[in-house]
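This briefing covers a sheet and the helices around it. Please look over the sequence and the structure first.

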Amino acid sequence: MTQYTSDLLRLLESRGYIHQLTDAEGLDALAGKTVIPGYIGFDATAPSLHVGNLVPIMMLRRLQQAGHKPIVLMGGGTTKVGDPSGKDESRQLLTEEKIAENIASIRGVFERFLTFGDGPCDAVMVNNADWLDTLEYVPFLRDIGRHFTINRMLTFESVKLRLEREQPLTFLEFNYMILQAYDFLELSRRAECRLQMGGSDQWGNIVNGIELTRRVDGTHVFGLTTPLITTADGGKMGKTAKGAVWLNADMLSPYDYWQFWRNTQDADVGRFMRLYTDLPLDEIDRLEALEGAEINEAKKLLADAATTLAHGHDAAHSAAETARRTFEEGARDANLPTVTLSSEMTVMQAITGLGFAASNKEVKRKVNEGAIRINDVQVSDPMTLVAVGDKVSFGAKRHGLIVA
């Protein structure tokens, strides 16, 4: 482990956030003597962010915990273009009204993780539409575009992926990396921002912004990326059979959110505690060493801590109590996920409707394994009918209710 001197880099390193740094020594020295405004950008493609966005959110939280200033950059402008990174095809273009609605909805998430205000270390939220929407095309090409070469832009993974798969990459999307680089220049000028953070897939875009800021203004700024976060079995973090694990309660209930963390694989418990909670490191060291049934208690602590950050203490407590009553007492609880009864609904339809399984084939396999129950009675036929009030169980950890 690198021996950093600043509280910021020691904190980020100890919890596993650091993958690449553009100038580790320079950033470490700067963080030790002044408050650093640092930013991460988030495009507003949906009304909520999801667990895949949670490491960047937590990095802004760590920045503030270490005495520095988080800048949440909402991509009101760049969302109109669409980030091609990791995408096989163009994103659907959203209207300005829809983008504004999404930004308003997303803000509530950040208010749980960060302290906003006017103080030197208080978080601020800004919108890159404020400067991107007013750019004049020819002056922008002359002043900014001349610092980018097509030769280098063609080496970026987001571009190479499309070209190798012979998928169209529009000129609109091709401009995304230039606009993102320009964001860093603008934030350096407007807010004395000196640090951009992001996932490892954003390394090239971050370096572009650093070089642009140096060439245009002569300002020395820094970049930091996190490692790609996957589960122990190599799966994508935050993806389930039900889809994305959303951070807004109106898109995913706090109970389902709690269950997502409760179902963490044994090998991921310690790492996820460091990344996604504020639990002390010595306590995490103790918990991740537990084995057998005891590791389940650590998973509950992970679920409690993660859910408290995203939804508050009361919601986390309610979710934990619902889980306890369901699993330990066999109770039906109003906080369980539900599916509305259709005429003569089968247990197969109920399971897929709840999102517990992605296909009828998976339901049939689970029935054969004895893993599906109605009101705690094992089901032998996937065509068994369910009724209003039935509790449907898929394995030991997923339960739902049939409602009218």
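In this predicted model, strand 5 (195–199) and strand 6 (222–226) run parallel and are joined by 5 bridges. Leu195 stands opposite Phe222 in strand 6. Between these two strands the chain passes through helix 11 (residues 203–217), and this β-α-β crossover is right-handed.

**The sheet**
- The sheet is open and mixed, with 6 strands in the order 1-6-5-2-3-4.
- Strand 1 (20–21) and strand 4 (124–127) are at the edges with a single partner strand each, so one side of each has no neighbour in the sheet.
- Strand 1 runs antiparallel to strand 6, and 2 bridges join them; Leu21 stands opposite Leu224 of strand 6.
- Strand 3 (residues 69–74) runs parallel to strand 4, with 4 bridges between them; Leu73 has Val126 of strand 4 as its bridge partner.

**Cover on strand 6**
- In regular strands, side chains alternate between the two faces of the sheet.
- In strand 6, Phe222, Leu224 and Thr226 lie on one side, Gly223 and Thr225 on the other, and all are buried.
- Helix 2 (residues 24–31) lies across strand 1, strand 5 and strand 6, and runs at about 105° to strand 6.

**Helix 15**
- Helix 15 (residues 294–311) has 18 residues, which at 1.5 Å a residue should span 26 Å; the end C-alpha atoms are 26 Å apart, so the two values agree.
- Its buried residues include Ile295, Lys299, Leu302, Leu309 and His311.
- Just after helix 15 comes Gly312, with a positive phi of about 100°.

Technical notes:
Residues numbered from 1 in each chain as written. Predicted model: local features only at pLDDT ≥ 70, side-chain atom pairs only at ≥ 80, totals over all residues. Heavy atoms only, no water. Pairing = 2+ DSSP bridges. Contact = heavy atoms within 4.5 Å. Axes fitted to C-alpha atoms, helices over the stretch in contact; angles between N-to-C directions. Expected span 1.5 Å × (residues − 1). Buried < 20%, exposed > 50% of the residue type's maximum accessible area, 1.4 Å probe, protein only. Right-handed = clockwise from strand over helix to strand, strands pointing away.
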